[in-house]
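Visitor: Please take one part of this model and go through it closely. I would like to see how that part sits in the rest of the chain.

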Amino acid sequence: MTTANKITLTRIAMIPFFIYFAAQPMLIIDEKRYLVEFPTSTVIALVLFCVASFTDFLDGYVARKYNQVTDFGKFVDPLADKLLVASALILFVEQKAMAGWMVCIILARELIITSLRVVAANKGVVMAATWTGKVKTCVQIGGIIVIYLHYIIFGALASQPNTSFSAVFAIRTDGADLILTIVGWVVTLVTIYSGYDYLKKNWDLIKDGAVKAK
């Protein structure tokens, strides 16, 4: 097995650990003691996400530099990326950090473009990655990191001894939701445009498949 593929498999192996820590509450409130605890699990989840995201760049770089591009890598690498990002987004819905309808749109885009790539491959056509697709990936990863950092910073400030319990909810109501909403809208709109760009550039492929029998 090539080094690039080993790096990709390492990313996949990190996903269950990421899910475990990411699934923990990002805002830990102890109502009995009127305290907010520092979100240690969120910090670990962020570190795992950043390392896993970096391996996405690393395996591609190694594969190109050392001529280790394989069919296995072409299949598993994007699958690992989508599993990592989808896991974070789905957990955000459960944790009320992102609207469910936004995540549905984002995941729908990924499924549509993945299906289109399969159709293109069956016809012997290679769908090259577009700049909008690369921007979409960067924005999704960046958005996820911003959301985690937001909860970590908020949790760190709220867990200070001189922060009152009522002040925690005031900050939460006045500041947190606005940031999460902005990040959610940016990620969703960029994802939608990226999907539109892919469909527009490959519309002939879709049209041919709709009118021609096998």
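Guide: The part chosen here is helix H1, and the model is a predicted one. In H1, the buried residues are Ala-4, Asn-5, Ile-7, Thr-8, Arg-11, Met-14, Ile-15, Phe-18 and Ala-22. These buried residues pack against three other helices: H2 (40–65), H3 (71–94) and H5 (131–158).

The helix itself covers residues 3–22, which is 20 residues. From its first C-alpha to its last it reaches 28 Å, close to the 28 Å expected at 1.5 Å a residue. H1 nevertheless bends, by about 30°, at Ile-15. A proline, Pro-16, follows within four residues of that point.

For context, the protein chain has 7 helices and 2 strands. Their order from the N terminus is α-β-β-α-α-α-α-α-α. Of the 214 residues in the chain, 39% are buried. Among contacts with a separation of 6 or more, 80% are between residues 24 or more positions apart.

Two of the buried residues of H1 serve to follow its surroundings: Arg-11 and Phe-18.

Arg-11 has a relative accessibility of 0%, so it counts as buried. Its side chain forms a salt bridge with Asp-77, with the closest N and O atoms 2.5 Å apart. This pair links distant parts of the chain, since Arg-11 is in helix H1 and Asp-77 is in helix H3, 66 residues apart. The structure holds 8 salt bridges. Two others can be set beside the one at Arg-11. Lys-201 forms a salt bridge with Asp-197, where the closest N and O atoms are 3.4 Å apart. Lys-201 and Asp-197 both lie in helix H6 (residues 165–201), 4 residues apart, about one turn of the helix. Asp-197 has a relative accessible area of 8% and is therefore buried. Back at H1, Arg-11 belongs to one network with Asp-56, Asp-59, Asp-77 and Asp-81, joined by salt bridges that share partners. The other example is the salt bridge of Glu-110 with Arg-109, with 3.2 Å between the closest N and O atoms. Glu-110 and Arg-109 are both buried.

Phe-18 leads into the nonpolar interior. The largest nonpolar core has 30 residues, and those with the most contacts inside it are Phe-18, Leu-89, Phe-92, Met-98, Ile-144 and Tyr-148. H1, H2, H3, helix H4 (100–122), H5 and H6 are the elements that give two or more residues to this core. Leu-89, leaving out residues up to four places away in sequence, touches Met-98, Val-103, Ile-106 and Ile-144.

Phe-18 is also part of one aromatic cluster, together with Phe-49, Phe-92 and Tyr-148. The count of aromatic pairs comes to 8. One of them is Tyr-193 with Tyr-196, whose ring centres are 6.1 Å apart and whose planes stand at 45°, so the pair is tilted. Both of these tyrosines lie in helix H6, 3 residues apart, about one turn of the helix. Tyr-193 is partly exposed, with a relative accessible area of 44%. Tyr-196 is partly exposed as well, at 47%.

Tyr-148, a member of the cluster with Phe-18, also meets Thr-42. Thr-42 is placed in helix H2 and has a relative accessible area of 1%, so it is buried. Apart from neighbours within four places in sequence, Thr-42 is in contact with Pro-25, Met-26, Tyr-148 and Ile-152.

A polar residue of H3 brings the account back to the bend of H1. Ser-87 is in helix H3. With a relative accessibility of 14%, Ser-87 counts as buried, because buried means under 20%. Neighbours within four places in sequence aside, Ser-87 is in contact with Ile-15, Phe-18 and Ile-19. Ile-15 is the residue at which H1 bends, and Phe-18 is among the core residues with the most contacts.

To put the part together: H1 bends by about 30° at Ile-15, and its buried residues pack against H2, H3 and H5. Arg-11 ties H1 to H3 by a salt bridge with Asp-77. Phe-18 takes part in the largest nonpolar core and in an aromatic cluster with Phe-49, Phe-92 and Tyr-148.

Note on methods: Residues numbered from 1 in each chain as written. Predicted model: local features only at pLDDT ≥ 70, side-chain atom pairs only at ≥ 80, totals over all residues. Heavy atoms only, no water. Expected span 1.5 Å × (residues − 1). Bend = angle between axes of the 7 residues up to and from the residue. Buried < 20%, exposed > 50% of the residue type's maximum accessible area, 1.4 Å probe, protein only. Contact = heavy atoms within 4.5 Å. Salt bridge = Lys/Arg side-chain N within 4 Å of Asp/Glu carboxyl O. Core = buried A, V, L, I, M, F, W, Y, C linked by side-chain atoms within 4.5 Å. Phe/Tyr/Trp six-rings, centres within 6.5 Å; stacked < 30°, edge-to-face > 60°.
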